[in-house]
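The paragraphs below lead a new reader through one protein model, step by step. Please keep the sequence and the structure in view while reading.

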Amino acid sequence: MARVAIRYPRNGNTFISLLAYSHGNAEIAHSTFAIAPRDYSSFPSNTSISIKGRLGFSSSFENVKCLDDAVTVFRQMIREQPLPSLVSFSKLLRTMVNMKHYSDVVSLFGEMQKLGIPTNEFILNIVINSYCLMHRADLGFSVLAIFLKNGIAFDVVTFSSLIRGLFAVNKLKDAVDLFRKVVRENICEPNKIMYAIVMDGLCKRGHTQKAFSLLRLMEQGSTKPDTCIYNIVIHALCKDRMLDDAINLLNEMKQKGILPDIVSYNSLIDGLCRSGQWENVRNLFCEMVNLNIYPSLYTFNVIADAEKIMSHMIEKGVEPSLFTYNTIIDGYCLCGQMDRARIFFNSVIDKTIEPDIITYNILINGYRKKKKMDEAMQMFLEISRKGLEPSIFTYNIILQGLLEVGRIDVAQNFFADMISAGQRPDFCTHRILLGGYFKNGLVEEAMSLFHKLESNGEDTGIELYSIVIDGLFKNGNFNKARVIFEKLSVVGLHPDVIMYNTMINGFCLEGLLDEAKDMLRKMEDDGCSPDNVTYNVIMRGYLRSNKISEIKAFLKEMTGKTISFDATTVELLIDIIAEDPSLLDMLPEFHLENKT
């Protein structure tokens with residue numbers, strides 16, 4: 001969640017001039033809500049929709065499935081005394097935007113204005129965005145008057161929406177002029193999203209060179225381009241058949257330590273395919289895989305069947321290697337296209353190319369991910385018929401798949417067959433077995449295996465101890481988990497951040513928040529730095545227990561530390577903020593810096 005720094009203007013002139021886009025004044029903002037008149041009085045009032053949750057109005061509005069639901073919820077909200085928080089109103093309006101009811105968002109906001117319900121920057125930005133999504137950026141500008149009237153500062157989201165709206169109605173010059181005004185007059189600091197909107201708008205309208213120039217300008221500023229920004233320009237260069245420039249930009253990215261992703265390679269492969277440069281497609285395809293960037297479904301759609309590459313190579317007298325075939329099969333498996341992977345596998349055999357154990361492992365793992373363990377077992381049995389020897393990796397894939405689908409007896413028999421075949425279990429095998437046993441509630445089997453590994457002097461390591469402690473916590477064996485943690489020092493192991501996080505999470509699940517905090521202090525005293533997961537786990541513990549004072553104390557304690565709350569934590573936070581809005585000012589992600 002990006003932090004937004006808001007700067008209030010030294011005078012109102014800059015912002016008043018922006019209203020010229022709507023050819024009006026502050027009064028326009030109130031009249032424009034008639035754009036989509038709708039009579040909501042006819043909506044039924046005896047609906048069963050309920051928006052009150054454990055902590056007041058639910059922030060997630062799970063029951064809102066259609067426009068009627070949203071309007072019913074809105075009617076309930078405006079009847080509440082006192083009124084729900086503005087967070088709840090903004091959440092409802094955002095839900096409606098996601099449902100694409102843009103004009104209704106504007107109408108309900110008009111109702112809020114008539115009823116004298118206060119507003120904030122989040123709600124106003126939602127209204128502007130709705131106008132822009134309706135291709136009425138001109139009316140979006142009129143909302144700026146409401147910002148001014150209420151003393152609310154504009155932010156980067158405000159102008160990003162307006163710029164995107166201008167591009168959407170092909171007002172390229174106005175969009176670029178607004179971007180320049182924002183930068184030149186220091187109205188707000190453009191972020192990567194705003195740059196991306198401008199570059200994407202320029203590229204889609206044939207101004208690739210201008211976007212490229214803006215990229216160079218961005219490289220010199222404080223906001224540096226990331227992979228997403230480079231991808232916009234690379235894609236445009238490829239569309240314009242400027243493939244050498246696109247490849248040079250890709251290489252430049254890598255030299256700067258900015259890693260390309262599947263989108264980068266898809267754009268280049270698309271451009272090279274359209275130009276018939278099949279050798280370059282092959283080279284780029286292999287480079288992508290070597291960088292552990294695996295083909296997506298789109299990659300294969302772009303090259304209009306991966307087999308064309310093979311055909312081209314064969315026509316040129318170059319026989320594709322087994323590595324190339326394995327790469328293509330792996331790509332299909334990664335996309336979940338097991339039928340196509342199997343067809344391609346059969347074509348390899350038809351070409352008298354003998355698959356190796358890696359080929360079989362790829363297919364077996366693909367079936368495992370799709371939970372098709374019968375097909376995976378058939379492939380496993382085929383290995384010996386082809387005169388190949390399954391590797392430990394092969395056995396591990398099958399074991400993991402069987403345990404994931406709960407076929408415990410089959411997994412145990414398979415493991416016994418593995419031992420009989422002379423295959424020695426490795427660390428990964430033990431990790432899979434322990435995790436699988438705990439996942440399926442077989443605590444005794446898991447602990448029996450763990451104690452056997454200990455007594456045999458096997459390398460259990462801190463990772464296996466983490467799996468055991470986590471499994472015990474999740475199966476309600478709190479005391480056993482604690483005992484095993486306390487014996488770590490006896491066996492000469494030092495807890496790492498994963499182990500500490502496992503313990504802290506276990507305490508939080510048991511509602512022992514003081515013990516969780518004590519474990520955090522022990523972690524820091526032992527020289528193990530907490531990470532983002534640590535803070536999120538503790539924060540969720542406080543939030544689920546609805547301990548407002550402890551949340552405030554914890555947030556105060558975290559001041560100055562870099563914390564990024566994940567989606568689960570944020571959802572819980574919004575629920576609590578609806579009950580106690582004062583928490584909002586303590587969150588660095590939400591707090592706005594006002595500078596006069």
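A good place to begin in this predicted model is helix α22, which runs over residues 373-385. The helix has 13 residues, and from its first C-alpha to its last it reaches 19 Å, which is close to the 18 Å expected at 1.5 Å a residue. The residues of α22 that are buried are Met373, Ala376, Met379, Phe380, Glu382 and Ile383. An α-helix has 3.6 residues a turn, so residues three or four places apart point the same way. Just after α22 the chain comes to glycine 387, whose phi is positive, at about 80°.

Helix α22 also takes part in a link between side chains, since aspartate 374, which lies in this helix, forms a salt bridge with arginine 407, the closest N and O atoms being 3.3 Å apart. This pair joins distant parts of the chain, for arginine 407 sits in the loop between α23 and α24 and the two residues are 33 residues apart. Arginine 407 has a relative accessibility of 30% and therefore counts as partly exposed, and aspartate 374, at 46%, counts as partly exposed as well.

The helices numbered on either side of α22 can be taken together. Two packed helices are described by the angle between their axes and the distance between the axes. For helix α21 (residues 357-369) and helix α23 (residues 392-404), the axes come within 10 Å and cross at roughly 10°. An angle under 35 degrees counts as roughly parallel, and α21 and α23 are therefore roughly parallel to each other. On the α21 side the contact involves Ile357, Asn361, Ile364, Asn365 and Arg368, and these meet Phe393, Thr394, Ile397, Ile398, Gln400, Gly401 and Glu404 of α23. Sorted by character, the residues of this contact divide into 5 nonpolar, 5 polar and 2 charged.

The salt bridge of α22 belongs to a wider set, because the count by the rule of a Lys or Arg side-chain nitrogen within 4 Å of an Asp or Glu carboxyl oxygen comes to 17 salt bridges. Another of them is formed by the side chains of arginine 216 and glutamate 252, which meet at 2.5 Å, N to O. Here too the pair links distant parts of the chain, with arginine 216 in helix α12 (residues 208-220) and glutamate 252 in helix α14 (residues 243-255), 36 residues apart. What surrounds each partner can be read from its accessibility: arginine 216 is at 27% and counts as partly exposed, whereas glutamate 252, with a relative accessible area of 19%, is buried, the cut-off for buried being under 20%. Glutamate 252 also meets the side chain of lysine 256 in a salt bridge of 3.2 Å, N to O, and lysine 256 counts as partly exposed at 46% relative accessibility. Taken together, Arg216, Glu219, Glu252 and Lys256 are linked in a network of salt bridges.

Earlier in the chain lies helix α6 (residues 121-133), which has 13 residues and reaches 18 Å from its first C-alpha to its last, close to the 18 Å expected at 1.5 Å a residue. How much of α6 is covered? The helix is mostly covered, with 10 of its 13 residues buried, among them Glu121, Ile123, Leu124, Tyr131 and Cys132. The cover over these buried residues includes α4 (86-98), α5 (102-114), α7 (137-142), α8 (144-149) and α9 (156-168).

Two single residues add detail to the picture. Serine 267, placed in helix α15 (residues 262-274), is buried, with a relative accessible area of 8%. Leaving aside residues up to four places away in sequence, serine 267 touches Ile234, His235 and Cys238. Glycine 441, by comparison, is found in the loop between α25 (427-439) and α26 (443-455), and at 43% relative accessibility this glycine counts as partly exposed. Glycine 441 and lysine 474 are 33 residues apart in sequence, while their C-alpha atoms are 9.1 Å apart in space.

These separate views belong to a protein with 33 helices and 4 strands. Of its 596 residues, 48% count as buried. Among its contacts between residues at least 6 apart in sequence, 65% join residues at least 24 apart.

Key: Residues are numbered from 1 along each chain as its sequence is written. This is a predicted model: local features need pLDDT of at least 70, side-chain atom pairs count only at pLDDT 80 or more; totals for chains, interfaces and linings use all residues. Side-chain values use heavy atoms; hydrogens and water are left out. Axes are lines fitted to C-alpha atoms, for helices over the stretch in contact, and angles run from 0 to 180 degrees between N-to-C directions. Angles under 35 degrees count as roughly parallel, over 145 as roughly antiparallel, 65 to 115 as roughly perpendicular and the rest as oblique. Contact means heavy atoms within 4.5 Å. Ala, Val, Leu, Ile, Met, Phe, Trp, Tyr, Cys and Pro count as nonpolar, Asp, Glu, Lys and Arg as charged, and the others, Gly among them, as polar. The expected span of a helix is 1.5 Å times one less than its number of residues. Buried means under 20% relative accessible area, exposed over 50%, partly exposed in between (1.4 Å probe, protein chains only).
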